[in-house]
Amino acid sequence: MNTNTMTSRQLEIIAVAGKILSKSGVSGLTTKNLSKEMNFSESALYRHFKSKQDIIIALIEYLAENMDLRYEPISKMDLSADEKFRKLFESQFAHFKKYPYFVVSVFSDGLMEESGHINEVIEKIMKVKLKYLMPIVKVGQKEGVFTKDIAAEEIAHVVMGTFRLLMFKWKISNFSFDIEQVGGKSIDTLLTLITKK
């Protein structure tokens, strides 16, 4: 599904689906629960999506496309590698704060076991992130801003793993802390670790 052509109702459905996924996992995301939350019949859902899987896929694809749209302008800014690194993740945390249920739904219990197609779409999110993160790290290493003692790929994996853990902690705390503030500290920590001494 091309999320650029999604209707406002479809966007509303995937937002509510994300909320249910975040709270109850895949097992809680049923057409019955979704239609109840939306205040319309189950049959009305099928006018917008063919299946529960289609709803989940649309949600994850929306996240990937949204990330791509936010990251591209940052990648073209005339900034140093460490400044771009910071902007990239500040953008992500600002988005997380505004739409927590969209973003953390990819951490829902059982989602990755749901289907191969869903896994492919989740992988798309990781690829979008790497598409922008890897060039920043490589340029930073080339310019002597980031350490060359660790391969760029390994730096990217450590960075993505750190933020994945942070998002998981935010989810299980029921979004109880300020993700921009805590995320900003994580950015500082990672930059301290990867910046050339």
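The paragraphs below follow one helix and its neighbours through a predicted model, and then turn to the nonpolar core and to a few single residues.

Two packed helices are described by the angle between their axes and the distance between the axes. With that in mind, a good place to begin is helix α5, which covers residues 81–98, together with helix α10, which covers residues 179–194. The axes of these two helices come within 9 Å and cross at roughly 155°, and because angles over 145 degrees count as roughly antiparallel, α5 and α10 are described as roughly antiparallel to each other. The crossing in which α5 passes α10 is right-handed. On the side of α5 the contact includes Phe85, Phe89, Phe93 and Lys97, while on the side of α10 it includes Gly183, Gly184, Ile187 and Leu191. Sorted by class, the residues of this contact are 10 nonpolar, 2 polar and 6 charged.

Helix α5 can next be followed to helix α8, which spans residues 116–142. Here the axes lie 8 Å apart and the helices pack at an angle of about 155°, so that α5 is roughly antiparallel to α8. The crossing of α5 and α8 is left-handed, whereas that of α5 and α10 is right-handed. The contact is made by Ala81, Lys84, Phe85, Leu88, Phe89 and Gln92 of α5, which meet Lys129, Tyr132, Leu133, Ile136, Val139 and Gly140 of α8. These residues divide into 8 nonpolar, 2 polar and 2 charged.

A further partner of α5 is helix α9, made up of residues 152–172. The axes of α5 and α9 come within 13 Å and cross at roughly 20°, which makes α5 roughly parallel to α9, and the crossing is right-handed. From α5 the contact draws on Phe85, Phe89, Phe93, Phe96 and Lys97, and from α9 on Val159, Phe163, Leu166, Met167 and Trp170. By class, this contact holds 9 nonpolar residues, no polar ones and 1 charged residue.

Several of these names return when one looks at the nonpolar interior. The largest nonpolar core has 61 residues, and those with the most contacts inside it are Ile14, Leu34, Phe85, Phe89, Phe93 and Leu133. The largest share of this core, 12 residues, is supplied by helix α4, residues 52–75. Leu133 can serve as an example of how such a residue is surrounded: if its neighbours within four places in sequence are left aside, it is in contact with Phe85, Leu88, Phe89, Ala156, Val159 and Met160.

The backbone also deserves a look. Most residues other than glycine have a negative phi, and most peptide bonds are trans. Asn39, although not a glycine, has a positive phi of about 65°, and it sits in the loop between α2 and α3. Phe175 is likewise not a glycine, and its phi is positive at about 60°; its place is in the loop between α9 and α10. Are these two residues buried or exposed? Asn39 is exposed, with a relative accessible area of 70%, whereas Phe175 is buried, with a relative accessible area of 18%.

Finally, Asp54 leads back to helix α4, in which it is found. At 29% relative accessibility, Asp54 counts as partly exposed. Asp54 and Asp78 stand 24 residues apart along the chain, and their C-alpha atoms are separated by 39 Å.

How values were computed: Residues numbered from 1 in each chain as written. Predicted model: local features only at pLDDT ≥ 70, side-chain atom pairs only at ≥ 80, totals over all residues. Heavy atoms only, no water. Axes fitted to C-alpha atoms, helices over the stretch in contact; angles between N-to-C directions. Helix = DSSP H or I, 4+ residues; strand = E, 2+ residues; numbered from the N terminus. Parallel < 35°, antiparallel > 145°, perpendicular 65-115°, else oblique. Left-handed = near helix turned anticlockwise from the far one by under 90°. Contact = heavy atoms within 4.5 Å. Nonpolar A, V, L, I, M, F, W, Y, C, P; charged D, E, K, R; others polar. Core = buried A, V, L, I, M, F, W, Y, C linked by side-chain atoms within 4.5 Å. Buried < 20%, exposed > 50% of the residue type's maximum accessible area, 1.4 Å probe, protein only.
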